[in-house]
Amino acid sequence: MLPGPEGIRYPHTLNQPGAWTKPERPISSRNVYAAAHVIPLMSAENTPGAPADLDWTATLGYRHELWSWGLGVADAMDTAQRGMGLDWASTKALIAKSSAEAASVVRNAPAALQGKTVRDLISCGVGTDQLDPATLEPGEAGLAAVKAAYLEQLEVVEAAGAKTIIMCSRALARVARNAGDYLTLYSHLLEQSTEPVILHWLGTMFDPALEGYWGSSDVSVATGTFLELIRTHAHKVDGVKVSLLDAGHEKQLRAALPTGVRLYTGDDFNYPELIRGDGQRHSDALLGIFAAIYPAASTALQAIDAGDTARGYEILASTQELGRHIFSAPTFYYKTGIAFLAWLNGHQSGFQMAGGLHSGRSLPHLAKTFALADTAGLLHDPDEAARRMGTLLLAGGIK
């Protein structure tokens, strides 16, 4: 019996795990990265404002789990609690350690990853979270500080050998005066990068502090600035990762991109149709939800590789209700659902998160996450997951 809204209890009958299969050859029809979370030491001071103290064995083990299913990993992104519990010191260590693990996988690649490079296996976020935006003022001094912070992080990621993802910056949103400031700063970053990068556009549903990014709160105007940057520097842009949860906008942007620039969907609501495509174009993927549904995602991509796009879509669509629930408003707490499923599936010993973020969702919300994951066949050991769910409910005063 699970708790629902307003204290109403409802029964849930356990299902069997899905018939998921690990790939026997590299996934080739789509470029895919699952955005992975971080796992704290359970004995650490995992409270709001405390520095992150990570369980490196469990954190890196989760990345190996994703690689074993043929997926790339997007690390040090918002899913890894950038700006919400993961400080820069821990982020630097995460980038170095995850990239080193990816290199070891490449050296001893299983059949599912033969021919893959380190950049195929690991991409890492470059941001400005060394800075406190509240201390910055709009104008040249603020822009110089933002540029220096971005360049410091760019150097860290490139030295690690990972693919660079240039993330949106709260500090830049504060100090930029117009679209020209965005174009000037991003142009400099692209000129300084040694390899093509992924540009990330994160919507305000994920981070309200990014209001007006690219110089306008009008998405169509902001899109024009974004495209101007990409077209000017297309040779330095591997792709764009768009997290606006607007499938129509993504399709229009996808059609407007220069040849060779990928669109990595970040739409955790509409990913099945965007990855399937329209027969002419499709989106690749850089998704937080893939860290929760990775066995299904891998199996779906294998079907698409085999020419059965309809089957691939059907599998992804079977997880869509779970994705929409985990990413429901307030969307920036979706990370709690990712960590919760990792705990249910035995990838971390306790349900905790850096910065106390495990408190970001209610027991009824988590109970529905449990039920939807089970219905989608994404609980590896349903009986053990049910036992863990029961202990959480009991600790929460629900008998």
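This is a short walk through one predicted model, going from its barrel to its helices, cysteines, salt bridges and nonpolar cores.

Let me begin with the sheet. Eight strands close into a barrel, and going round it the order is β3-β4-β5-β6-β7-β8-β9-β10, with parallel pairing. On average, neighbouring strands of this sheet are turned by 30° against each other, if direction is ignored. As one example of the pairing, strand β4, residues 72-75, runs parallel to strand β5, residues 122-126, and the two are joined by 3 bridges. If you would like to find this place on the screen, look for Asp 75, which stands opposite Cys 124 in β5.

Now to the helices that lie across these strands. Helix α7, residues 219-232, lies across β7, which covers 197-202, and β8, which covers 237-243, and the helix runs at about 170° to β7. Helix α8, residues 247-256, lies across β7, β8 and β9, the last of these being 262-265, and runs at about 165° to β9.

A further helix, α10, residues 294-305, holds Ser 298. Is Ser 298 buried or exposed? Ser 298 is buried, because its relative accessible area is 0%, and the cut-off for that word is under 20%. Once its neighbours within four places in sequence are left aside, Ser 298 is in contact with Thr 21, Pro 23, Ile 27, Trp 69 and Leu 71.

Let me turn to the cysteines. How many disulfides does the structure hold? The count is 0, and Cys 124, which we met in β5, is accordingly in no disulfide, the nearest cysteine sulfur being that of Cys 168, 17 Å away. Seen from the other side, the closest cysteine sulfur to that of Cys 168 is in Cys 124, and the 17 Å between them is too far for a bond. Both residues are nevertheless classed as buried, Cys 124 because its relative accessibility is 0% and Cys 168 because its relative accessible area is 13%.

Next come the charged side chains, where the count of salt bridges is 12. I will take a few of them in turn, starting with Asp 129 and Arg 82, whose side chains meet at 2.7 Å, N to O. Asp 129 lies in the loop between β5 and α4, and Arg 82 in the loop between β4 and α2, so this pair ties together parts that are 47 residues apart in sequence. As for the surroundings of this pair, Asp 129 counts as partly exposed at 27% relative accessibility, whereas Arg 82 counts as buried at 7%.

Asp 181 forms a salt bridge with Arg 177, with the closest N and O atoms 2.9 Å apart. Here Asp 181 counts as buried at 10% relative accessibility, while Arg 177 counts as partly exposed at 45%. This pair belongs to a network of salt bridges that links Glu 140, Arg 177 and Asp 181.

A further example sits within one helix: Arg 387 forms a salt bridge with Glu 384, the closest N and O atoms being 2.8 Å apart. Both residues lie in helix α15, residues 382-395, and they are 3 residues apart, which is about one turn of the helix. Arg 387 is partly exposed at 49% relative accessibility, and Glu 384 is partly exposed as well, with a relative accessible area of 25%.

That brings me to the nonpolar side chains, which in soluble globular proteins tend to be buried together. In this model the largest nonpolar core has 115 residues, and those with the most contacts inside it are Tyr 150, Leu 172, Tyr 186, Leu 199, Tyr 213, Val 240 and Phe 290. Among the contacts of Tyr 150, with residues within four places in sequence left aside, are Val 126, Ile 166, Cys 168, Leu 172, Tyr 186 and Tyr 213. Apart from this core lies another, of 9 residues, including Ala 35, Ile 165, Met 167 and Tyr 264.

I will close with Glu 195, which lies in the loop between α6, residues 179-192, and β7. Glu 195 counts as partly exposed at 40% relative accessibility, and, not counting residues up to four places away in sequence, Glu 195 touches Arg 119, Glu 158 and Lys 236. How far apart are the C-alpha atoms of Glu 195 and Gly 397? They are separated by 53 Å, and the two residues are 202 residues apart along the chain.

Note on methods:
Residues are numbered from 1 along each chain as its sequence is written. This is a predicted model: local features need pLDDT of at least 70, side-chain atom pairs count only at pLDDT 80 or more; totals for chains, interfaces and linings use all residues. Side-chain values use heavy atoms; hydrogens and water are left out. Two strands pair if DSSP finds at least two bridges between them. Helices (H or I, at least four residues) and strands (E, at least two) are DSSP runs, numbered from the N terminus. Axes are lines fitted to C-alpha atoms, for helices over the stretch in contact, and angles run from 0 to 180 degrees between N-to-C directions. Contact means heavy atoms within 4.5 Å. Buried means under 20% relative accessible area, exposed over 50%, partly exposed in between (1.4 Å probe, protein chains only). A disulfide is a pair of cysteine sulfur atoms within 2.5 Å. A salt bridge is a side-chain nitrogen of Lys or Arg within 4 Å of a carboxyl oxygen of Asp or Glu. A nonpolar core is a set of buried Ala, Val, Leu, Ile, Met, Phe, Trp, Tyr and Cys residues joined through side-chain atoms within 4.5 Å.
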